[in-house]
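Work through the following exercises with the sequence and the coordinates at hand, and try each task before reading its solution.

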Amino acid sequence: NHGSVGLDSDYDVSLVALFDHEEVGSSSTTGAGSTIIEESVKRISMSLKGEDEPKDYLEAKIRNSFVVSFDMAHAEHPNYSSKHEKYHCPKLNSGVVIKTNDNQRYATNGQTGYIFREVGRRCGQDIQEFVVRNDCACGSTIGPIISSRTGMRCVDVGTPQLSMHSIREMGGTKDVKMAVDVLEGFLREFKDIDDEMKGEEE
């Protein structure tokens, strides 16, 4: 509940969305490629709309929204360490990973990556970084799908994992608690960080 993570005075709307069919493209009525997020944000926003709101009320709410696309991340495999960039080698039990790709296979950009790093700093959580090597293929997530459909800002993150998609996938037990802590920290810290950034832009 909100009280357990310090959100008693929070007046923003927090939404957790869990989708089907991510591994087969997300193009379904219950996948991330559907209208679920768009319609949810629209209906929630319009239900809270006052009488004297500006004409671009809904567009402003979408602009103020932020998506944390949380999946898994490729940890450095001890037998295949050469497959990782030198400074982008996520380790098990070492914290949540921000995933970045210039070809937009991940939705992270400079601003959204900064916000999530700052969340980690403020809540005392280590944040790791992952960029796939240029000569290696890169998978994708629901982040770019949601972000491109809605126009919402998005960061792609995940917990590190070995042997993704194999029959012997392996993750770190400590990373589960670290993920919970940093996501709770996001709910607490995001608005302050976002407001500070908007103040600097002005």
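**Exercise 1.** Which element gives the largest share of the lining of the largest pocket, and how many residues does that share hold?

*Solution.* The model is a predicted one, and totals for linings use all residues. Begin with the pocket itself, whose volume is about 1,700 Å³. Its lining consists of 44 residues, and those nearest the centre of the pocket are Val13, Ser14, Leu15, Phe66 and Phe186. Next, list the elements that give two or more residues to this lining, which are α1, α2, β1 (66–74) and α5 (173–201). Among the contributions to the lining, the largest share is that of α5, with 11 residues. Finally, sort the lining of the largest pocket by class, which yields 24 nonpolar, eight polar and 12 charged residues.

**Exercise 2.** Determine the span of helix α1, and then explain why its buried residues lie on the same side.

*Solution.* Helix α1 runs over residues 36–47, and the distance from its first C-alpha to its last is 16 Å, close to the 16 Å expected for its 12 residues at 1.5 Å a residue. With buried taken as under 20% relative accessible area, the residues of α1 that qualify include Ile37, Val41 and Ser45. These three lie on the same side of α1 because they cover an arc of only 55 degrees around the axis. The general geometry agrees, since an α-helix has 3.6 residues a turn, so residues three or four places apart point the same way. To complete the picture, ask what the buried residues of α1 pack against: the partners are α2 (57–64) and α4 (143–150). On the face of α1 turned away from the buried side, one finds the exposed residues Arg43 and Ser47.

**Exercise 3.** How many cavities of 30 Å³ or more does a search of the whole structure find, and which residues line the largest cavity?

*Solution.* The search returns one cavity of 30 Å³ or more, and the volume of the largest cavity is about 30 Å³. Its lining is made up of Ala32, Ser34, Ile37, Glu38, Ile146, Arg149 and Thr150. Assigning these to elements shows that α1 and α4 are the ones that give two or more residues to the lining, and that α4 supplies the largest share, three residues. By class, the lining of this cavity comprises three nonpolar, two polar and two charged residues. Ile37 thus appears in two solutions, as a buried residue of α1 and as part of the lining of the largest cavity.

Methods: Residues are numbered from 1 along each chain as its sequence is written. This is a predicted model: local features need pLDDT of at least 70, side-chain atom pairs count only at pLDDT 80 or more; totals for chains, interfaces and linings use all residues. Side-chain values use heavy atoms; hydrogens and water are left out. Helices (H or I, at least four residues) and strands (E, at least two) are DSSP runs, numbered from the N terminus. The expected span of a helix is 1.5 Å times one less than its number of residues. Buried means under 20% relative accessible area, exposed over 50%, partly exposed in between (1.4 Å probe, protein chains only). The arc is that of the directions from the helix axis to the C-beta atoms. Contact means heavy atoms within 4.5 Å. On a 1 Å grid over the protein atoms alone, a cavity is a set of points where a 1.4 Å probe fits but cannot get out, and a pocket is an open set with protein on both sides within 12 Å along at least five of seven lines; lining residues have an atom within 4 Å of a point. Grid points are joined across faces, edges and corners, and a volume is the space filled by probe spheres set on the points. Ala, Val, Leu, Ile, Met, Phe, Trp, Tyr, Cys and Pro count as nonpolar, Asp, Glu, Lys and Arg as charged, and the others, Gly among them, as polar.
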